[in-house]
Amino acid sequence: MHELTRRTTLQRGGMLGAILALNSVSPALAGATPTGSSARFKAIDAALREGVSRNDVAGVVATAATRKGMIYEGAFGKANVATGASMTLDTVFWLLSMTKAFTATACMQLIEQGRLHLDDDAAKYLPELASPQILEGFADDGTPRLRRAKGAIKVRHLLTHTSGYTYSIWSEALTRYEKVTGMPDIATCKNAAFTAPLEFEPGERWEYGISMDWAASWSRRCPTSRSRSISARTSLRRWA
């Protein structure tokens with residue numbers, strides 16, 4: 001596949017939606033539908049195929065289902081432009097933040113079961129969050145200035161991105177912290193990235209970050225949850 005940074009990948013995250021929203025497609029590209037695709041969805045096939053032909057994407061896989069089962073499957077373009085390997089319905093993707101939707105679903109199932117509560121301290125389930133530190137800035141010599149958070153991180157803070165955790169791609173302070181301390185970025189998929197400090201008090205405001213990554217790490221540990229297969233399969237396999 002094309003070599004993309006996490007930043008570039010996130011910036012292009014809406015591309016598939018834009019392709020699906022095309023109002024018109026070239027008749028010459030309509031062609032035959034792939035195996036498993038209904039004739040009712042030729043317009044979707046044509047839209048995705050056109051997106052590939054215009055080089056909007058190297059390849060794309062799309063599926064749709066109802067409660068009764070799968071109703072659409074389509075694969076177009078290349079999975080690897082260097083080798084020419086075609087995109088298939090079982091091509092493996094790095095899902096990035098799409099895993100957050102699976103994680104949120106798993107956590108809400110646990111809440112329905114009474115195994116998890118929104119207003120519980122997150123440290124009840126993740127002891128590593130018992131004493132969160134807030135990055136206040138840097139000393140003249142570049143040393144990070146940290147202080148203990150006044151409040152506890154709650155489960156609801158993790159699920160709503162109000163915990164105080166951020167992403168370095170949108171935070172100059174956290175980017176600087178990584179450079180000064182040698183802490184790996186979350187995109188490296190290393191557990192040491194979870195040692196990142198907060199940038200504001202839990203519940204103080206909203207900012208997109210590793211909050212849901214923390215939530216996924218707990219739902220994966222839950223030994224008997226019916227949600228475990230979801231979170232373990234799709235959320236945290238990548239962590240070393």
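**Close-up views of a predicted model**

Tyr208 is partly exposed, with a relative accessible area of 21%; buried means under 20%, exposed over 50% and partly exposed in between, with a 1.4 Å probe and protein chains only. This is a predicted model, in which local features need pLDDT of at least 70, side-chain atom pairs count only at pLDDT 80 or more, and totals for chains, interfaces and linings use all residues. Residues are numbered from 1 along each chain as its sequence is written, and side-chain values use heavy atoms, leaving out hydrogens and water.

**View 1. Tyr208 meets Tyr167 in an edge-to-face pair.** The ring centres are 5.4 Å apart, with 70 degrees between the planes; rings of Phe, Tyr and Trp (its six-membered ring) pair if their centres lie within 6.5 Å, and planes under 30 degrees apart are stacked, over 60 edge-to-face, the rest tilted. Tyr167 is buried, at 2% relative accessible area. Ring pairs link Tyr167, Trp170, Trp206 and Tyr208 into a cluster.

**View 2. Helix 6 spans residues 172-181.** Helices (H or I, at least four residues) and strands (E, at least two) are DSSP runs, numbered from the N terminus. Here Leu174, Tyr177 and Glu178 are buried. Seen down the helix axis, the buried residues fall within an arc of 100 degrees, so they line one face; the arc is that of the directions from the axis to the C-beta atoms. Exposed Glu172 and Lys179 sit on the face turned away from that buried side.

**View 3. Arg176 lies over the face of Phe138.** The distance from the ring centre is 4.1 Å; a charge counts as over a ring if NZ of Lys or CZ of Arg is within 6 Å of the centre and within 35 degrees of the ring normal.
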